2 protein chains.
Amino acid sequence: MNKDHIIFLIGRINYKANRFLRDELEKHGIAGLAPSHGEILGVLLMRGEVQMTQLTEYIDKDKSTITALVNKLIWLGYVKKRKDDDDNRISRIALTEKGASLKPGIMDISRKLRKKAYENIRERDKKILYTLLSKINMNF
Amino acid sequence: MNKDHIIFLIGRINYKANRFLRDELEKHGIAGLAPSHGEILGVLLMRGEVQMTQLTEYIDKDKSTITALVNKLIWLGYVKKRKDDDDNRISRIALTEKGASLKPGIMDISRKLRKKAYENIRERDKKILYTLLSKINMNF
DNA sequence: ATACAATAGTTTGATATCAAACAATTACTC
DNA sequence: GAGTAATTGTTTGATATCAAACTATTGTAT
């Protein structure tokens, strides 16, 4: 497990990005949320109302994780849940007004993250990076 | 937080690599260990006896995390701890014979990880990847 | 219609991890 | 030498996360 290992780097970047996001969320008055919460909010901002399983797919997290994440967002008043009209197994998740009001903040944070991560990285290299990382992701 | 986001990919790869490592450790009869344990073992294989703070630096984890990780390795018999001869604050960590016997397994796992992650990725692209990821890492 | 399989989401248990606070030891300043 | 700052590692608290097991509901086969 050599420190120069790409996988090691990926782990460190992951941690740092998450810490950055957590700090930024706090700066925007959205304290107590983790990056994953932010991801859910982002999905809801984009897609409106979704099922829990869809959240699982969109942010690629375990079902039970989604339950916990959503419950916290509900508790904080950002998200609401209702039963599907046709299938009683299905819960549908959507933003509350309070949640929707976070849009500017979420967008700002997203922009800052990109700015921070990609400083001094050319557009072309971003594309290369994305391509290579996608390959690695698919290798697992 | 767009799913196409590089940072998102990094997070997923991190998780998958860790899961892969965990599974491989188990396959090699080294169950109950996490990738970070493996990293510590790797460091000790390479460097012999080190201080706790050195472990913190080598694998870039929080001091308290190192304490927990090392304690588990001690409990499992892979690692031993002794006080420094000159400074009573310092603990020195080294492999036990049992720990040292894991070397072939650790090496094998490391090789498998690389093989898995870098399948279909040229040597040149690995260098590019490392360079770009290092930049991103330094940006945070 | 009944029985079983599949699905949706929850509950439960475990854990690596960070950060803050802390105690003991050593280093440094006067 | 005394007092304070710095260092080392531990303790404590919190948490996102996964995975297994589970319950309720719906789908499918007979």
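How far does a polar side-chain atom of B:Arg89 lie from a base oxygen of DNA strand D? In this predicted model, the separation is 2.9 Å.

**Contacts with DNA strand D**

Two further polar approaches to DNA strand D involve other residues. A:Ser36 places an N or O atom of its side chain 2.5 Å from a phosphate oxygen of the strand, whereas for B:Lys63 the partner of the side-chain N or O atom is a base nitrogen, at 3.0 Å. The table sets out these pairs.

| Residue | Atom of DNA strand D | Distance |
|---|---|---|
| A:Ser36 | phosphate oxygen | 2.5 Å |
| B:Lys63 | base nitrogen | 3.0 Å |
| B:Arg89 | base oxygen | 2.9 Å |

In total, 23 residues surround DNA strand D. The closest of them are A:Ser36, A:Ser64 and A:Thr65 from chain A, with B:Thr67 and B:Lys81 from chain B. Of the atoms of DNA strand D that come within 4 Å of the protein, 62% belong to sugar and phosphate.

Both chains contribute helices to the surface near DNA strand D. From chain A, α2 (35–47) and α4 (63–75) each supply at least two residues, as do α1, α3 and α4 (63–75) of chain B. α4(A) gives the most, with four residues. By residue class, this surface holds nine charged, nine polar and five nonpolar residues.

**The interface of chain B and chain A**

The size of an interface is often given as the accessible area lost when the parts come together. For chain B and chain A the buried area is about 5,200 Å², and carbon and sulfur atoms account for 68% of it. On the chain B side 47 residues are in contact with chain A, and they meet 47 residues there.

Two salt bridges are found across the interface of chain B and chain A. A salt bridge joins the side chains of A:Asp60 and B:Arg12, with an N to O distance of 3.0 Å. Eight residue pairs are in polar contact across the interface, both members being at pLDDT 80 or more.

Several helices of chain B build the side that touches chain A: α1 (6–27), α2 (35–47), α3 (52–59), α6 (103–117) and α7 (123–139) each supply at least two residues. The largest share, 13 residues, comes from α1(B). On this side of chain B there are 24 nonpolar residues, 14 charged and nine polar.

**Helices of chain B in both surfaces**

α1 and α3 of chain B are among the helices that supply at least two residues each to the surface near DNA strand D, and α1 and α3 of chain B also supply at least two residues each to the side that touches chain A.

How values were computed: Residues are numbered from 1 along each chain as its sequence is written. Chains are lettered from A and ligands numbered from 1 in the order in which they are written. This is a predicted model: local features need pLDDT of at least 70, side-chain atom pairs count only at pLDDT 80 or more; totals for chains, interfaces and linings use all residues. Side-chain values use heavy atoms; hydrogens and water are left out. Contact means heavy atoms within 4.5 Å. Buried area is the accessible area (1.4 Å probe) that two parts lose on being put together, summed over both. A salt bridge is a side-chain nitrogen of Lys or Arg within 4 Å of a carboxyl oxygen of Asp or Glu. A polar contact is a pair of N or O atoms within 3.5 Å; within protein, one must be able to donate a hydrogen and the other to accept it, and residues adjacent in sequence count only if both atoms are side-chain atoms. Ala, Val, Leu, Ile, Met, Phe, Trp, Tyr, Cys and Pro count as nonpolar, Asp, Glu, Lys and Arg as charged, and the others, Gly among them, as polar. A residue is near a molecule or strand if one of its heavy atoms lies within 4 Å of it.
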